[in-house]
Every structure is written in C-alpha cells, then in structure tokens.
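Visitor: I am new to this structure and would like a close look at a single part of it. Could you walk me through one sheet, strand by strand?

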Amino acid sequence: MTPPVAIDARDLTRRFGSFVAVDHITFDVRAGEVFGFLGANGAGKTTAIKMLVGLLAPTEGQAHVAGFDIRTQRDEIKRNIGYMSQRFSLYADLTVRENFRLYGGIYGLAAKRIAERTNMFLETLGLVPNADDLVGKLPLGWKQKLAFCVALLHEPRIVFLDEPTGGVDPITRRQFWELIYRAAQNGTTVFVTTHYMDEAEYCDRISIMVDGKIAALGTPAELKQQFGVETVDECFVRLARGAQKGEAA
Amino acid sequence: MVKELHHILRDRQTLTILLMMPLVQVILFGYALRSDVRDIRLAVITPAPDAATQELTSRFIGANRFEIVATATSPAAIEPLFRQDKADVALVFDSDFGSHLNGSEPATLLIAIDASDPNTGTTYMNYMRAVIAGYQQELNAANHSVQIVTQTRMRFNPTLESVNLFVPGLIALVLVLVSALMTAISLSREKERGTMEVLLVSPLRPQQIIVGKVLPYLALGFANVLTALLAAWAVFHIPFRGSVVLLLLEAILYTIVSLALGVLIAARTSSQRAAMLGAMLVTMLPSTLLSGMIFPIASMPGWLQPVTNIVPATWFIIIARGIMLKGVGLTILWRESLILVAMAVVLLAAAMRSFKPRLA
Amino acid sequence: MRTLGYLLRKEFLQIFRDRFMVAQLLLMPIIQLLLLGNAATFEVKSSRMYVVDRDHSETSRGLVDRLQASGRFVMSGGSPSLDVANQLMLARKVDAILSIPADFEKDIVRTRSADVQLIMNAEDGAAAGVTQSYAAQIIAAYAAELGATLRPTAAQLSAGGSTIQPTPPIEVRARGWYNPDLDYSDYMVPGILVQLVTVVGSLMAAMNIVREKELGTLDQLSVTPLSRAAFIAAKLIPFWIIALVELALGLLVARFVFHIPMVGSILLVFAAAMVYLLAALGIGLFVSTLVETQQQAMFVTFFIVMVYLLMSGLFTPVRSMPVWAQWMAQLNPVKHFITIMRAVLLKGAGVADVIVPIGILGAFGVVFLSLAIRQYGRRVG
C-alpha cells in the first residue's frame, strides 16, 4: 500500500560547482494525485526530477519516494516507479512490441502478463496495426504516448514524467492527458513537469519553480485566487517578475 | 571557416588529443618498434668436443651478438628449448668435426633455428653463417686458398638502424589516421545534426563549404607534421639529408590528401559511427601493412603490388625516406609528388560531387 | 537471469538490424585477412644488381654469372662508371652495386686474394642484411671453386709441400624448425587474425555503451531495477560471441587459403580466445563508461588498440624492443594471445605450456570488467 504521502522532499538541494540548480525545495505529493511541477525552462525541474528518480545525487537535503529514502534505498525506489525522460528514450531500432517486451522483462513481469498489458496498451492507443513497426518510424506524438505506456507497464505506484508533451500538437497533448487521468484513476501517482502553464489546469495540485526555488504551491484554484488572476499562466508571469504575493505552502 | 575554427578551439579536450596523440604515438612506437636483432640465444650441441669445435664456438662468443644459453651433447635437447622459448638457435656439430677439418673430407654442421618467426629466423641464420664464414676464411688464409674479400657499404643507413626504416612510415601512418579521422568525424557529425543542410541551401557553393571546413584541420595537420618531424629529428636522430622545406611541403600535400579522404568518407556514410569506423579501417591497416612501412613492397605477391599504389602512405613514405635518408630532391621525386597531387585533386573532386546532390 | 535473456535479445536485434555493422563485423575482417595475409612478408625475392666491372676478365665474368645463376639477383645493367651506378641507386632503380676493380683476375692468380666492393641500398636495413648475406655466400662459394681449379702459386710451392691441400669447406646445413619453408604467412596470419578480431570487437563494444549515453536510453535503463552486472554482461556477450564466430571464420580461411599448419589443439585456441576476448572487450567497455561522446570513445579506444597492436610482437619482435617496452608488453593482452596462438598452432604447445599467458589474460578480464561494472553504477555527483 502506498503511504498517503507518495513523495516528500525537505530542503532538497543540488549544486553544480557554484551554480545552485535546485535550492532547498520542500514539498509533498499525495498518493493518487496528479502533481504538476511547473517552471520555465532552466528553472531546475529536470534536475529535481532526476534526484527523485535516483539519477542524480542531492548535494543537501532529503526526500522519500514511495516511502523509501532516495539516498539509501535506491533499489526499492526503482522497483516502484516508472519514468519518462525528456529526451526520447525508447529504442528506435526496436519494434513497439519489442520495446514492451524488453522493459517488461527488465521489471520481472511474466511473459504472459507482458503480452496482456502490451495488447491493452496497443488497443488504448490504437496502435495495434503498428505493433511490429520500428519505433523510430513513428511520428513524435505516438512515440511520446508509447514511452508513457512503457513507463506504466509494470504498474508502478508512482510515475515521473519529464516534459512529456514537448513539441507535440494540441490534440495529441489532450490525448496524452487523458492517458494521465486514466493512470491516476487507477491509483497511480503522477508527477509531471512541464513548462506549458495551461496544462496546470489539468493537475490536482501544482508547484511553480523559479530559479531553483519553489515559489508557489497549491491547487490551481488556490493559486489563481492568491494572485488574483484568471489563469495559472498569469500566476507565473507575476512570479517571474518577482511579485511578492504568495509563498510556498 | 571562422565558425569551424571556433568550434575546434572551443573543444579543448579533443584539441589536445588531436595534437598530442600523433606525437605520443610517433615517440612511443619509434622507440618500441625495432627489428634489430640482439642477444641471440644459442644452444651448442657438441657430441664430441675437440679443438676445432671449441675454436668455432669461441668465435660465436666473440661475435657479441650471441649468448650461449645451453650446451648439450645430443640434438634431442633442442626441441624442449625451442618449445618453451628458451633458445632461438642451435649449433649442432657432427661427431667428427675436427678430424674432418684436418683431413680431406668436408666437415658438417647443422644450424637449427626457431623459424616460427621466419623473419628473425632468417636474420639469425645469416648471422650464424657470417661467423662460420669468417672462421672458414681464417682457415683458408692460413692455407693459401683463394679468398675474395668483399667490402660492403651500406648506403643511406650505415648502421642498419631499423628506426630509420620505421619512423618515416610511422609519421605517414599517424598523419593519415588523425587527418582522415578528424574530417570524417567533424563532417559526418554536421551531416547527422542537419547543420550541413543549412549550409548547403545557403548561397555558398559546395566547394567553398568544403574548403572552409577542411582548412582549419589543415592547420592542425600541419602542427602535427611539425611535431612529428621534430620528434624524428630530436629523439631518434633520423638524418635529414635533404631539403627540410621540401619535406614540409610534401607533408602538407600528404595531409591534404588524408583530409580529402576523410571528407569523402563522411560524404559516403550515413552515420557518424559508420564514418568513424570507415575512416579507421580504410586508413589503419592498409597504411601499416600495404604501404611498405614495415613489409617491403617488393616482397609482396605480384598481384598485390599494384594495390599498394592506391595507398597514399606508400608514396609519402618513398618521398620521406628519399628526402631524409638519401637527400634527394624533386628531380628524383617528381613522379611521386605528382601522384600525391593527383590523389588530392581526385579525392577532393569526388568529395565535392558527393555533397552536391543533396541540394536537389 | 531472465532479465539477461531479455537484454541479450534486444542487443542482438539491434546489432543485426544495423546492416552496416554486420558487414563491418563479419565481412571486412575476412577481406582484410585475405589481402593482408598476402602482404605481410619480409622475404626478399630478388634484388636488382648493377655491375661496375673494370676488369672484364673471365674470372670477373664468372663471378657475375654465379650471382645471376643463383636466381636471387637480377642484373640490371653494367658500365664502368660508379657514378652512374650511384645515381641509379638514388633513383631507386637498383638495389645493389657490385664493383670489381681492374686487377681482379691478376690479383687472384698472383696472391690468391682480391677485393670487390658491394654497395647496398640500406634504407631497409633488414632486407639489405639478408641480400648481403646471399651475396656473401655466393661469392665465398665461387672463391672455393676458384681455389680448386687454379694451379698453386710459386710462393705456395716454395713454402713447402708438393701438394696443396685446400682446407675442405665447412658444409653448413640449415634447418628451420616449425616452419621449414620459412613461410611468412604461417607466422603473420594468426597474428593478423587476432588484430582484426580485436579491433572490431573492442571498438564496437566501446561505442555501444556510449551510444546509449548519447541517445538518452541509458538513463531509462538506469532508472530500472536492472543490476549493473547484468547490464555489462548484456553489452559484453553479443560481441564476445560475434568475435568468436569471426575467429572461427578466420581460422577456416587460414587453414584453407593460407594452409597454415594447425599442429596443436584448436579447442585450446578457442578456450584461450574466450579468455582473451573478456580482456579485450572489457577494456573497450571500461573506456566507454568513462567518456561522453561516441567520438571520444572512438579516439581513446582506438589509441589504446593501436598501442596494443603495434607493441604486441606482431610486426616487430618483442625481444628487439627496449627493456621498458618489453615490460609494457607483459601488460599487453594482445601480445599474450598472439604468443598463445603461435605456440599452439605452429609448435603444438599444450595447456601446460601456455597456462601462464592464459592466466594473465584471465586476470586482465576480471580487472577490467569489474572496473566497468563499478563505473557504470556511479551516480553523477
């Protein structure tokens, strides 16, 4: 059972030499929610997510993912999470089915289960005729959706998505978010970073990062009220200009 | 072209590698690659020792190249010594050596060599024969037989240093490797990233683009040439009997050929990986084995010899050895130089043509 | 273990889908072996000799005839001018010059001794030495012939004895062990084979991991519970197998095209190869965990491989190297494998004879693979 808090971070910091990419961020993510980790490009979102999934070591601070400490219990964390990186990270020279089979095998799923879930995903995505096509040949939007499904293949408790909708058209973006909702409905916690502020509306709660710090944290409604604006985008603009209203919850 | 220069200078790591690597290689290999033979391990098998066998054996000791590692009375001792790599050669006297020598029948002896390495094997054999022949001549002189004394002069390399043979070849190898690799990688990287197409649709003509990309590497190549030649002179004391200026010019010409080769490879391959592999395979083994660097071309089978003419290193080695060891100039080397020029022109033209269709 | 199976499947699929890579791995080495196995020889077939004969006597002509009849020398002209001869040598048109002085025959008849001069083009010191040795033997044999046919001189008669006994020649028989015909390809081909297998295997293995780094798929794998050992094993095994296949193909070519003797046990060769490849590929994999781009992987691995190959005793004997280089050679897996190959194939060595080099190779493999595994697991920072 996932503890009620899926992810918690306390003063998580990452320095590169004298440059502080992530500056003492503190936040919680509750189980089953869709958490949007917003911020401009270069604000430190990818660095933060990399620390949470175990790709980068924190310089200071601590965090727990699915109840496990990110410093000492990396292996347990890895078994319980899914990850979709910003750069496309499936194997372009393998087919759709082969990619599923590979990752299913790595996560220790039985062959039958892999086949079941693969077929389910293929149907959901409408990719059944393309099951044996090389992934590299698919258009970008399909590749992203595919990567998401692969991240969900082993039914992780938490799935981390780093800019999953970068560079795709609005329709595909909508479809993507539908997939995210479905995953959340099944109890999966979704941690999503994005620089598209309008996607914030789709999330249960969001945080906005500015220059490595968390400048705002709460539900979209709360934040809009806090800043007295109509859209989350406006909130961000205010923050970016250094407006003093609102503080990390 | 300025942009390319910036590119190169910014990537300091690669730059140091590109400058240092050839130098390190020339020095390292120049020291290590020798075929001079020293300390030949000799086993002496004497079933019936007598004054004559002792005399001859002492000649071998006196010859300074040999080291007696074992003596025995039976030839059966040879096999284990060879198999375990403990001896290189064996001198086997027959049992009546001394008495035959003093009588009227020929005295026989057997030279056994570990010929698994036929090259050194032949050399060992020749050294041994020389010692024996020297002894024979002494006997003859005492006995008024006919002697023809041969005075030998080894031109261009009196001390028979193998380093004089190898180092020009090494320079050729190292230059072609680095140059071809450099251009092949850089250009194929641009192709992969797509920045090449941006250039191609610009008003710049393909020739200008290519020249612009190659020229900075030419500067690098020239730096490599200088350091390599400096190493040859200062570290290995290779003679520089001819015109240094001519040598530098020829070296630059050769570098251009290598760079053009790299460009052609980049043009013909589809990925960076393929370009790199292609550059390596096309340059490394042929330049080592087919260029006359180590193995003389005259020794190769007849059908293979024309193939060696395609390898640019072959011609440069002739030129470099000619200038450095023999002190000759263009009057003798004009043919080889012309061939290099022709190669450069052909390769560059082919490369440029391969880039053109992309425009369509 | 099952995870390894899935990974291996992926690696093989990727390799065989890349047709260029397949050609590189299997075809190129064989083609190169065919070409280069023929090229690698030091045998000096015949030398072009120029004769400067100032004597023009029967004796001097006899000498020239002997040299020509030996088949090792091709007479490329003659004239009384040494300058012309030297010019021709500069222009690489002749390899050796024989200069016979004007009183050659007279000196032989009167004093039983005469001088000739032999000028060699010694650019290639080794070849010059070999050619000179041939010439010296032929000349000595001719001298012995002359000795048998000439009448004794007055000085000799007066010195004593009515019959002159020329010293019987020392008859020298030479035998080359393991390679009686002194066939160079027997020696070179196993070595070239090793070289090809190493170059292609290490490079491919090295570039493989770096490619995943560059593409970003490495991150995806790092986030999974995949063990480091499994990852490295999956990168190692496919190329290990391919390299062994290549070795097998190469040995077939060696046997049937070059007629290399295979005196010892082929199984032993393969066993040694398996250990050797662990070391060679291990080095490639370790390098690839250290660098960031494929370009760097290329340069570094290539540099290491070049050093190993040239200093391995393949082209020049290890025993001719300076002492420090000979020590380095002990650290060179290529050198050990070549030693093993030659010992087993040419000399029929058994396990006991080669157990030491095999052990060294094994140690190398363990060290480098462990390093690679450790390096892969390191998180940045």
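Guide: Happily! The sheet is open and made of five strands, in the order 5(B)-4(C)-3(C)-1(C)-2(C), with mixed pairing. Its edge strands, each pairing on one side only, are strand 5 of chain B and strand 2 (73-78) of chain C. Neighbouring strands are turned by 25 degrees against each other on average, direction ignored.

A few words on terms and sources. This is a predicted model, where local features need pLDDT of at least 70, side-chain atom pairs count only at pLDDT 80 or more, and totals for chains, interfaces and linings use all residues. Residues are numbered from 1 along each chain as its sequence is written, while chains are lettered from A and ligands numbered from 1 in the order in which they are written. Helices (H or I, at least four residues) and strands (E, at least two) are DSSP runs, numbered from the N terminus; strands pair if DSSP finds at least two bridges between them. Axes are lines fitted to C-alpha atoms, for helices over the stretch in contact, and angles run from 0 to 180 degrees between N-to-C directions. Contact puts two C-beta atoms, placed from the backbone, within 7 Å.

Where the chains meet, strand 5 (residues 147-155) of chain B pairs with strand 4 (residues 113-121) of chain C, parallel, over nine bridges; there B:Thr152 stands opposite C:Leu118. Within chain C, strand 1 (residues 47-53) and strand 3 (residues 96-100) run parallel, joined by five bridges, and C:Asp53 has C:Ile100 as its bridge partner. Helix 5 (residues 104-111) of chain C packs on the sheet, touching strand 3 and strand 4 of chain C.
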